[in-house]
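Reader: I am in my first year and still learning to read models like this one. Could you take me slowly through a single part, beginning with how open or enclosed one residue is and going on from there?

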Amino acid sequence: MTDKKTGMAREKLVNIHVNGTACEITVPAWRTLLEVLRELGHVEVKCGCEKGDCGACAVLLDGEVVDSCLTLAWNADRRSVMTVQGLGGPGKAHPLQTAFIEHGGAQCGYCTPGMILAAKALLDDIPNPSLDDIKRGLSGNLCRCTGYTRIFSAIRAAAQALRQEGGTS
Ligand code: FES
Ligand code: FES
């Protein structure tokens, strides 16, 4: 559909690969990736501030962490999105998920999907991060419950587990 005044498209069919599954959906130009993911049933992607402050809506877009509330769905067309469900779950938890549970890194859990994905992007870049690296990597993610110390401990533990899985220490 095009706008009569400008001749520009107002909506289009986009194809977004979410956790490895291709999803086709017709999307208006102004719709955010957060809105579309939740409409597709991915309610594990949380809606917080909707202005880029809290990181609750963070997902990986082609491996890079983005705030889905600030990303237009059109920009995800023919690209890969990972939500926390794509990382792992019951019976096949990712080391980050296990570490968050074991270290008390999640309390109410609202920030946790975004935290874990930001941590995944960090550890993909820096497998053995310092505390400052972790603080920088998580600087876009707010938590009202944990005081952050347990989250940082969880990320350090996950980093160690992942390095051991990869045969390094
Ligand atoms: S909901 Fe996107 S950054 Fe807060
Ligand atoms: S665990 Fe509640 S906001 Fe982080």
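Author: Glu-50 is partly exposed, because 16 other C-beta atoms lie within 10 Å, and the classes used here are buried for 20 or more such atoms, exposed for 12 or fewer, and partly exposed in between, with C-beta atoms placed from the backbone. The model is a predicted one, in which local features need pLDDT of at least 70 and side-chain atom pairs count only at pLDDT 80 or more, while totals for chains, interfaces and linings use all residues. Residues are numbered from 1 along each chain as its sequence is written, and chains are lettered from A and ligands numbered from 1 in the order in which they are written.

Glu-50 sits in the loop between α1 and β3 (58–61), where helices (H or I, at least four residues) and strands (E, at least two) are DSSP runs numbered from the N terminus. Although Glu-50 is not a glycine, its phi is positive, at about 60 degrees. Asp-62, which is likewise not a glycine, has a positive phi of about 50 degrees, and its place is the loop between β3 and β4 (64–67). With 11 other C-beta atoms within 10 Å, Asp-62 is exposed.

Turning to the helix before the loop of Glu-50, we find Leu-34 in α1 (residues 33–39), and Leu-34 is buried, with 24 other C-beta atoms within 10 Å. Leaving aside residues up to four places away in sequence, Leu-34 touches Val-45, Cys-47, Cys-57, Ser-68 and Cys-69, a contact being two C-beta atoms, placed from the backbone, within 7 Å.

From Leu-34 one can also look across to Ile-151, which is 117 residues apart from Leu-34 in sequence and 24 Å apart in space, C-alpha to C-alpha. Ile-151 is among the residues of α6 that meet Met-115, Ala-119 and Leu-123 in α4, the others being Ile-155, Ala-158, Ala-159 and Leu-162. The residues of this contact between α4 and α6 divide into eight nonpolar, no polar and no charged, where Ala, Val, Leu, Ile, Met, Phe, Trp, Tyr, Cys and Pro count as nonpolar, Asp, Glu, Lys and Arg as charged, and the others, Gly among them, as polar.

Helix α3 also meets α6, with Pro-95, Leu-96, Ala-99 and Phe-100 in α3 facing Ala-154, Ala-157, Ala-158, Ala-161 and Leu-162 in α6. By class, this contact of α3 with α6 has nine nonpolar, no polar and no charged residues.
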